[in-house]
Amino acid sequence: MRSVHRTRLTFTLLGTLALSGCLDDGGGSGDDRSTGRVNFNGFNGLSYQTASQSGTTNTAGEFRYYPGETLTFRVGDLPLVSDVPARQYVTLLEFFETTRTGLQTPMVDDEGLSTHTLTEQKVLENTTLMNLSRFLMLLNWSQNVAEGDGIDIRDRVITQLNAALPGLTAPIDFSVSESEFTANNPMSPANQLLAAICFYPEDDELCEEPPTQEEIDNAPPRPENDEDRDPDIEYSEDLQAKKDRIENAVRTMEDIDSEDAQTYLTRELKAISTTVANQYFLDEDVASHPATDTALKQVAVRKIGGGLSLAKLGAISTRPQDIQINSADWQSGEVEYFVAGPSGGESELLLSFRPEDTYRWVRKQLRVLIR
């Protein structure tokens with residue numbers, strides 16, 4: 001463990017789960033397990049376990065499960081969360097019961113339609129979620145998670161993390177206040193753990209023990225003239241500069257703030273929502289009816305590959321003086337409407353629906369012209 005943190009007290013971990021293998025060992029023909037993903041752009045290095053499966057997420061963040069199972073996640077020997085429902089996409093917002101529950105209540109946007117995006121932004125204010133997200137982002141091999149990239153927790157990081165865990169002054173508790181979780185004086189357990197990890201190759205200078213103040217004080221000063229300097233001597237100024245480089249390379253919780261974490265998670269959430277929405281379409285994009293035809297018309301939600309199953313469905317007309325909604329049936333996915341205006345009028349029918357297997361709402365629109 002690096003000298004930045006030398007305190008070693010006993011820290012009792014939750015029981016370590018035995019891993020039976022990674023995803024690459026997955027089944028052959030007849031394998032009816034489902035494959036899920038943590039986030040959209042990938043999350044490498046999370047150990048997971050369900051009632052029947054165990055392994056480590058790959059660069060795509062994939063895990064395997066059977067429907068109805070729940071997930072336990074760890075980073076190395078550090079427990080993170082348990083009892084997370086396994087599904088196609090699992091985000092960090094679904095890691096905790098309080099945030100999962102919050103996602104189930106949609107909010108209404110300015111158009112009067114249900115939406116999950118406003119709810120997600122509210123959930124992102126949860127302190128426990130932010131503590132966990134910032135910590136996991138700081139375990140990424142490169143300090144910043146660039147747009148379009150996933151989190152990559154490498155074996156080298158996990159090995160150092162495991163070695164440092166027994167020396168923490170207290171267990172890492174994501175539920176404490178932000179100020180307690182990110183404290184530097186004294187160091188919070190999260191910062192103690194980060195200080196013990198070098199995010200560079202093992203032979204990099206930045207992974208060495210920094211020179212002590214005694215070594216710096218005892219070293220000779222650097223001669224003013226270059227020709228008087230001995231290349232085999234480390235002068236006090238050189239040792240001080242080396243100490244500064246090593247200590248400045250140590251990560252702390254302050255390196256990524258809540259706004260950074262919210263930006264990252266919002267990108268992931270948007271990508272998943274777009275992917276879910278792309279699985280659905282309306283049976284027509286534009287409809288045209290004579291002003292004299294006031295019979296009920298239908299537009300239906302369809303799913304690519306079939307198997308449509310909706311939990312909720314709502315619809316509005318942006319110009320009810322021209323086109324009015326008669327009914328919306330979530331079971332069939334159909335919305336009935338009729339012409340109410342004169343020739344030349346038009347309206348957009350906005351359909352907002354929630355598929356049965358997600359809290360996310362999908363929005364589609366139909367343009368209706370009156371001729």
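These exercises walk through a predicted model of a protein, each with a worked solution.

**Exercise 1. Describe the overall build of the protein: its secondary structure, its extent and its surface.**

Step 1. Start with the secondary structure: the protein has nine helices and 19 strands.

Step 2. Now turn to the extent. Along the principal axes, the C-alpha atoms occupy a box of roughly 100 × 50 × 40 Å. The radius of gyration is 28 Å, whereas a compact globule of 371 residues would come out near 21 Å.

Step 3. Look at burial next: 45% of the 371 residues count as buried. The exposed area of the protein is about 18,200 Å², and carbon and sulfur atoms contribute 45% of that area.

Step 4. Finish with the contacts. Taking those with a separation of 6 or more, 63% join residues 24 or more positions apart.

**Exercise 2. Work out the strand order of the open sheet that contains β1, and find its edges.**

Step 1. Lay out the strands: the open sheet has three of them, in the order β5-β1-β8, and the pairing is mixed.

Step 2. Identify the edges. β5 (62-65) and β8 (89-90) each have a single partner strand, so each has one side without a neighbour in the sheet.

Step 3. Check one pairing in detail. Strand β1, residues 34-38, runs parallel to β8, and two bridges join them. For a pair of residues to inspect on screen, take R37, whose bridge partner in β8 is Y89.

**Exercise 3. Take three salt bridges, give the N to O distance of each, and classify the burial of their residues where a value is at hand.**

Step 1. Set the scene: the salt bridges in the model come to 14.

Step 2. Begin with R154 and D152, whose closest N and O atoms lie 2.8 Å apart in a salt bridge. R154 has a relative accessible area of 37% and is therefore partly exposed.

Step 3. Move on to K297 and D293, which form a salt bridge with an N to O distance of 3.1 Å. K297 has 10% relative accessibility, so K297 counts as buried. D293 has a relative accessible area of 26%, which makes D293 partly exposed.

Step 4. Close with R319 and D322, joined by a salt bridge at 2.9 Å, N to O. Here the arginine, R319, is partly exposed at 38%. D322 is buried, with 4% relative accessibility.

Step 5. Compare the last two pairs. In one, the lysine K297 is buried and its partner D293 is partly exposed; in the other, the arginine R319 is partly exposed and the aspartate D322 is buried.

**Exercise 4. Name the residues that a network of salt bridges links around R363.**

Step 1. Select R363 and look for its carboxylate company: D109, E111 and R363 are linked in a network of salt bridges.

**Exercise 5. Locate the disulfide, then give its length, its handedness and the burial of its cysteines.**

Step 1. Recall the chemistry: a disulfide is a covalent bond between the sulfur atoms of two cysteines.

Step 2. Count and locate: the model has one disulfide, and it joins C198 to C207 with an S to S distance of 2.0 Å.

Step 3. Read the torsion. The angle about the S-S bond is -80°, and the link of C198 and C207 is left-handed.

Step 4. Add the surroundings: C198 and C207 are both buried, under the 20% cut-off for relative accessible area.

Key: Residues are numbered from 1 along each chain as its sequence is written. This is a predicted model: local features need pLDDT of at least 70, side-chain atom pairs count only at pLDDT 80 or more; totals for chains, interfaces and linings use all residues. Side-chain values use heavy atoms; hydrogens and water are left out. A salt bridge is a side-chain nitrogen of Lys or Arg within 4 Å of a carboxyl oxygen of Asp or Glu. Buried means under 20% relative accessible area, exposed over 50%, partly exposed in between (1.4 Å probe, protein chains only). A disulfide is a pair of cysteine sulfur atoms within 2.5 Å. Two strands pair if DSSP finds at least two bridges between them. Helices (H or I, at least four residues) and strands (E, at least two) are DSSP runs, numbered from the N terminus. The radius of gyration is taken over C-alpha atoms; the globule rule is 2.2 Å times the number of residues to the power 0.38. Contact means heavy atoms within 4.5 Å. Accessible areas come from the Shrake-Rupley method with a 1.4 Å probe; for residues, only the protein chains shown count as cover.
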